[in-house]
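I opened the notebook to record a few look-ups. The entries follow in the order I made them.

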Amino acid sequence: MRGGWTIGMAAMLTIVVGGGLVGSVEEAGAIPAFARKYEVNCNVCHAPVPRLNPYGERFMENGYQLPGTEDGGIIGKKKLGDLTINDVGNFVGFRVRGQSTFRVADYSATGSASVGSAVVGKPHDKAEFIRPDFLSMFVAGTVYKNIGFYVDLDSIESLNGGNLFTNRMFLTFNNIGSQLGAKNWAHIRVGRFDPSSFSSFPLLRTQLDVIFSDMALINNGGPVGAPIPFQAAPILNRFDLTSFAHVHKFYGLYNHNGFPISPFLPSGYNGFGDGIEIHGRPFGDWFFYQAGVINGSGENFRLVPAMGDTNRMKDAYGMIRFDFARADYFSASLSGFGYFGNNNLILPLGPGQLAQVSQRQVGVSAYIRYKMIDLHAAYSFDKISNLPVLPPGFFDDTASGYSVALDVRATEQLLLSTRYDFLDGGGVQNQTVQNFIPATVPILLPLTTIQRTTTSVVGVQLKYYIRPNMAVMIRNDFNVLGSQGGVMPERNLRNFFTLGFDLIF
């Protein structure tokens, strides 16, 4: 079955690519907020959306001002204080994404879908047709010379029932010391942001977008999906399809609110956090530095919005980046980061027994861009420290992951992308929670829910840009390790086929 899907996908890509190569290229049309504001094409900063080219990277670093300027530098730009109703489109943008999926898997049911039930879910050999499930609204610009802002509000049906929540909301204070001739030496971000946005392989800029997991939370007799702190455990019917170099990697750990953290969701340097950072280029365009302090990496705001910061001890991070070229047809970059968690996670040891542990991360990422070819790679290594004395074989304190992505612009409108992801997960080797049937005498059902494992996935995507801000795509993710049966979806996914669209305006 798996071979048939792979061959079919290859044939489909060949047909569509062939059509794209002989098709005509339309002139770029309507473009989103920053491009409207500065009266330029999206591709001035993107290569293509959502990737940034070197000019777009400098634009973001400079607090959404044109590189080398301190307040835009063109006539078409206006300050927020001078805004009229006709200028709203220069600051506000929207992004709408939707997917219809067909997935093929053969794993057994793995948990409890309702109180008293011994199993959760069913093998997912089925098609799912869903309405557009991801809406983002973002507002960004400058309020004054060297003062920028960015706000985005996301609604993800599968995670928060369609309610709006904030991924990023921050102010930027740019070109600190420019009066003394130190332009571009220091910029400050304050608020909620994604630290990895300046790295050579930022998670939110990948062409193969995140496909969120199908996950249930099991607890001791409470309503399904209503976790009891440190007693709920995630049951993965499908893991998150994302870049494994950027994810949490550990099984069996919780945040300070008592919510379990999926090994496949971003966290730490590659997640979101409330804090403050400084970055800049004191030695010229070839060198970039970044340092900051944020809330604990166990705060899973994507799963439980607006829970607030529960970890009083903060995490620190730093990154340096080297840019080797800025030619019209060639550029390259190498970055390395360190993230130093400080009692930011919880490891349950038994009833009422909780250990605070720290997750540390180091990693490297790089890209090479040559003409229409874009090659990105990232590797990260994580370690859990401050562990108490544990039984032999109970917990693996190290984990790693890497990702390699290739994007090829076949034509001005047609983009071919592929990515290989490998995760060597760590954490609890086998975690068991107790679910019980409410009765006069409760019946305990032992339920093994977590088992450390390696995961390896290849994704292939064809993306056709109808306009620079409007695209449709065909995507297939398949398990390199093959179908293995049993209860672990990390090993049993065969294919996940997706049809989708991406609209930014």
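Is I147 buried, partly exposed or exposed? I noted first that the model is predicted. I147 has a relative accessibility of 24%, and buried means under 20% while exposed means over 50%, so I entered I147 as partly exposed.

**Around I147.** I placed I147 in strand β4. Leaving out residues up to four places away in sequence, I listed its contacts as G141, T142, T172, F173 and N174. I also looked up Y64: I147 and Y64 are 83 residues apart in sequence, yet their C-alpha atoms are 9.1 Å apart in space.

**Largest pocket.** I next looked up the largest pocket, and its volume came out at about 1000 Å³. I found 47 residues in its lining. Nearest the centre of this pocket lie H46, R95, Y150, R168 and R205. I then checked which elements contribute: at least two lining residues each come from the helices α2 (33–38) and α3 (54–61) and from the strands β1 (92–105), β3 (134–144), β4 (147–156) and β5 (164–173). I sorted the lining of the largest pocket by class and got 29 nonpolar, nine polar and nine charged residues.

**S200.** Where is S200 found? I located S200 in the loop between β6 (187–193) and β7 (214–218). I entered S200 as buried because its relative accessibility is 1%. For its side chain I noted a polar contact of 2.7 Å with the side chain of S333. With residues up to four places away in sequence not counted, S200 touches R321, S333, L334, S335, S365, A366, Y367 and H376.

**Strands β18, β19 and β23.** In which sense do β18 and β19 pair? I read the pairing of β18 (residues 398–409) with β19 (residues 414–424) as antiparallel, over ten bridges. The two strands form a hairpin, with four residues between them. In this pairing I found A405 opposite R419 of β19.

I then followed β19 to its pairing with β23 (residues 454–467), which is also antiparallel and runs over eleven bridges. Here R419 stands opposite G459 of β23. I therefore logged R419 under both pairings, opposite A405 in one and opposite G459 in the other.

Methods. Residues are numbered from 1 along each chain as its sequence is written. This is a predicted model: local features need pLDDT of at least 70, side-chain atom pairs count only at pLDDT 80 or more; totals for chains, interfaces and linings use all residues. Side-chain values use heavy atoms; hydrogens and water are left out. On a 1 Å grid over the protein atoms alone, a cavity is a set of points where a 1.4 Å probe fits but cannot get out, and a pocket is an open set with protein on both sides within 12 Å along at least five of seven lines; lining residues have an atom within 4 Å of a point. Grid points are joined across faces, edges and corners, and a volume is the space filled by probe spheres set on the points. Ala, Val, Leu, Ile, Met, Phe, Trp, Tyr, Cys and Pro count as nonpolar, Asp, Glu, Lys and Arg as charged, and the others, Gly among them, as polar. Buried means under 20% relative accessible area, exposed over 50%, partly exposed in between (1.4 Å probe, protein chains only). A polar contact is a pair of N or O atoms within 3.5 Å; within protein, one must be able to donate a hydrogen and the other to accept it, and residues adjacent in sequence count only if both atoms are side-chain atoms. Contact means heavy atoms within 4.5 Å. Two strands pair if DSSP finds at least two bridges between them.
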